[in-house]
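Colleague: Could you take me closely through a single part of this model, and then set it beside the spaces that the probe finds elsewhere in the chain?

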Amino acid sequence: MRIFQTHYITQLVVLLMIFIISSSTLAQAPSIAGTRSDESVRAAAKIMVIPYNKQNEDIRTVLDENPYIRTAVSKVKEAFDQRGWSTVDFVANLRAAQANSAFTVDRQSNFKSDLLTTSGADFYVQVDVQLTTDETGTNTVLNLTAFETHTGASFSNKTGTSKFVSNDYEKLISKAFDRIQEEFLNTLMVKTDEIREIGRATIVEFNLDENATIDFDSALDSGEYLNELIEDWISTNAYKGRANLTGILDNKMLFDEVRIPLYDQETNKPYNLNRFATEVIRYLRSKGVQASRNIHGQKMYVTIKQ
């Protein structure tokens, strides 16, 4: 009887130890859902996945003419979606642009640039696929390059390869992507953290209306010159003072890079270029300068009308 009791107590102790160890392990290990939730908050910048097109290729027809590229673009976008990133659909934006006569008639030579600008994407990931087949199998080379949309800066570049005796191109592309997916996305995550730190890049252009009675060298009632007034406001209100004045012409004043925050610093709500435009218009009017604004993607145009 005593032997039975000792054996029973030993079993209870072992089970209790297993329970304690298991509970501790679960408590220390972050859940996948928790990790993805944190990542989706960090990845507030918007990303669009697009096909690579050569200089003589029309980006509007690349997907139709190359099913491999279409598969690769879909795979990469799906990977971002699964990890909770904010993505912009390339095909939807392409169709909308094709339906816009301003794209298809007046701006054909700049179609890709305009498409990216009006998409609202902070980054775009360019996808290229090359497939070659010989007696040893099919060799797949998948190249991914991420750019910041408005500065053109390259943020992440990875090349994945796979080779199998197979004609299943979807699986071949998936294998190549699997080899670089984590490293590519993690590198890009670091860059989106930088965007949170330094702000989203925008272009701000001030123009004079053809009927305006003042120019950028006009002195205002406050004693300031118009160009000084604008430059000082932009420098003060750009996120962490990050702004670059490219130049001033007779009828134009251009900032090729003005950083704005991803979130309002007081309310922590998403901040966009429309908010920034509203603030500059309100400020100019407080100084007696009438102006209007026009937003084109992440470009802001302010027209001085006085």
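Modeller: The loop between α10 and β7, the latter spanning 243-248, is where Lys 240 is found, and since this is a predicted model, what follows describes computed geometry. The phi of Lys 240 is near 55 degrees, a positive value in a residue other than glycine, and Lys 240 counts as exposed because its relative accessibility is 51%, the cut-off for that class being over 50%.

Helix α10, on one side of this loop, covers residues 226-237. With its 12 residues α10 reaches 17 Å from its first C-alpha to its last, which is close to the 16 Å expected at 1.5 Å a residue. Buried within α10 are Leu 226, Asn 227, Leu 229, Ile 230, Trp 233 and Ile 234. Seen down the axis of α10, these buried residues fall within an arc of 160 degrees, so they line one face of the helix. The general background is that an α-helix has 3.6 residues a turn, so residues three or four places apart point the same way.

The largest pocket also draws on this part of the chain, since Asn 237 and Tyr 239 are among its lining residues. The rest of that lining is made up of Pro 261, Asp 264, Gln 265, Glu 266, Tyr 271, Phe 276 and Glu 279. About 210 Å³ of space lies in the largest pocket, and its lining divides into four nonpolar, two polar and three charged residues.

The second largest pocket holds about 160 Å³ of space, and its lining has four nonpolar, two polar and four charged residues. Both α3 (62-65) and β3 (123-134) supply at least two residues of that lining, with the largest share, three residues, coming from β3. Among the residues that line the second largest pocket are Tyr 52, Lys 54, Asp 128, Val 129 and Gln 130.

As for enclosed space, the count comes to one cavity of 30 Å³ or more, and the largest cavity has a volume of about 40 Å³. Its lining consists of Asp 122, Phe 123, Glu 148, His 150, Ile 195, Arg 200 and Ala 201, which divide into three nonpolar, one polar and three charged residues.

A further positive phi, near 75 degrees, is taken by Gly 152 in the hairpin of β4 and β5, where five residues lie between the strands. Strands β4 (residues 137-148) and β5 (residues 154-164) pair in the antiparallel sense over 10 bridges, and Ala 146 stands opposite Ser 156 in β5.

Methods. Residues numbered from 1 in each chain as written. Predicted model: local features only at pLDDT ≥ 70, side-chain atom pairs only at ≥ 80, totals over all residues. Heavy atoms only, no water. Pairing = 2+ DSSP bridges. Helix = DSSP H or I, 4+ residues; strand = E, 2+ residues; numbered from the N terminus. 1 Å grid on protein atoms, 1.4 Å probe; cavity = no way out; pocket = protein on both sides within 12 Å on 5 of 7 lines; lining within 4 Å. Points joined across faces, edges and corners; volume = space filled by probe spheres on them. Nonpolar A, V, L, I, M, F, W, Y, C, P; charged D, E, K, R; others polar. Expected span 1.5 Å × (residues − 1). Buried < 20%, exposed > 50% of the residue type's maximum accessible area, 1.4 Å probe, protein only. Arc of directions from axis to C-beta.
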